[in-house]
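Got your viewer ready? Let's take a short walk through this model, one selection at a time.

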Amino acid sequence: MEFASCSILRPQSFSTIFHYTNSHLYAFPKTHLNLGASPFSPAFPKSSTFPGKCLHFHRFTASSSLSGADEQNASQELAVLLEVDGVLIDAYRLGNRQTFNVAFKKLGLDCANWTEPVYLDLLRKCAGDEEKMLIMYFNRIGWPSSLPTTEKESFIKNVLQKKKIAMDEFLMSNSLPLRPGLEEFIDDAYSEGIPVVILTSYSKSEDAISRSIIEKLGNERILKLKIVGEKEVEQSLYGQLVLGKVYSSGVDDELATEAMKAVSAEKQRIAEEVASMLKLNVDIDTTSSESLQKIIAALRAGAENAGLPVSNCVLIAGSQSGVEGARRVGMPCVVLRSSLTARAEFPSANAIMDGFGGADLSIPKLKSKKWF
């Protein structure tokens, strides 16, 4: 079952522009109004909204005109979206091992200490899975004698919790440097009139810590940036329309929710019917992961804050999830390798770089787009 089968949810197609109340334009060409992984995708074609309506979403107003000249100018523009983890900083290389040792010390585990060779060996054998690294390590040296076998799982969780606290403190410390070349990259973008947006809403470091990292750039440079955190995502048009904050005029949110449930139920019913013929058990997840939805919402909000369609923005990613989110919304993506992703593969990325400046990532390269 598709949403298009419900007449109440079948809109007519026309191109759209969105106006801030201060007359700033947010242009979405016909080919770039895809709502990504939203469950509304079948109901809302890429170039559609509700005809004859004027939709109000707090600071936003939608109208139904976009000149060919505006579309042409938008296609020639560029914005850069930056993740925090692995892009602004390489905390994994600088602090991950040390913060594990801080956690061991806080728990009174004097016999536990990760030297560089021990840490790298665990990292390689467990593919970076920190829970598996701890289990392998204590299987080697022995678990605390006072620890009951049934409490090993809670013990591991306690270590990881203490490690996270230590990492958060490290991230907010003055001793953590930004990645080399980052400041020059931002300055070059500003001099070229290219908006730079930093995405903090889905950072593993959490929004407050991410903003403290951004403060390392200095007040003058921060004024050149746009920062998109959880609040900015919620206030964006995409956040209000798709994430349940506001639905369009004339469409009841409860009806929309029930429609989504009906589609999921129908997909599950068909899958079970086929599976029964094949004598199989099946349980299909018809929803996208919450984390991926969060990333998609941040990318949409980032493009909206930059004032450009997603196809005119480039995500500089440090995570596999960021690359996948960019792929879902049709946003070009460049991976900036870090110590955590040094050996990872990113088949969906448009390019992979080792750092900022020089032969690696630069504004002239992004402007040329020849390597996309």
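Start with the largest pocket of this predicted model, which holds about 1,000 Å³ of space. To land in the middle of that pocket, select Asp-85, Tyr-92, Lys-204, Ser-205 and Leu-340, the residues nearest its centre among the 35 that line it.

Next, colour the lining by residue class. You should find 14 nonpolar, twelve polar and nine charged residues in the lining of the largest pocket.

Now bring up the helices around the pocket. Select α2 (91–106), α5 (152–171), α12 (290–306) and α13 (320–329): each gives the lining at least two residues. Which helix supplies the largest share of the lining? Click on α5, which contributes six residues.

Keep α5 on screen and add its partner, α4, by selecting residues 130–141. The axes of α4 and α5 are 10 Å apart, and the two helices pack at an angle of about 120°. Because of that angle, α4 counts as oblique to α5. Turn the view to look along the line between them, and you will see α4 pass α5 in a right-handed crossing.

Finally, show side chains where these helices meet. On the α4 side, pick Glu-130, Glu-131, Leu-134, Ile-135 and Phe-138; on the α5 side, pick Phe-155, Ile-156, Val-159, Leu-160 and Lys-163. Coloured by class, this contact of α4 with α5 shows seven nonpolar and three charged residues, with no polar ones.

Technical notes: Residues numbered from 1 in each chain as written. Predicted model: local features only at pLDDT ≥ 70, side-chain atom pairs only at ≥ 80, totals over all residues. Heavy atoms only, no water. 1 Å grid on protein atoms, 1.4 Å probe; cavity = no way out; pocket = protein on both sides within 12 Å on 5 of 7 lines; lining within 4 Å. Points joined across faces, edges and corners; volume = space filled by probe spheres on them. Helix = DSSP H or I, 4+ residues; strand = E, 2+ residues; numbered from the N terminus. Nonpolar A, V, L, I, M, F, W, Y, C, P; charged D, E, K, R; others polar. Axes fitted to C-alpha atoms, helices over the stretch in contact; angles between N-to-C directions. Parallel < 35°, antiparallel > 145°, perpendicular 65-115°, else oblique. Left-handed = near helix turned anticlockwise from the far one by under 90°. Contact = heavy atoms within 4.5 Å.
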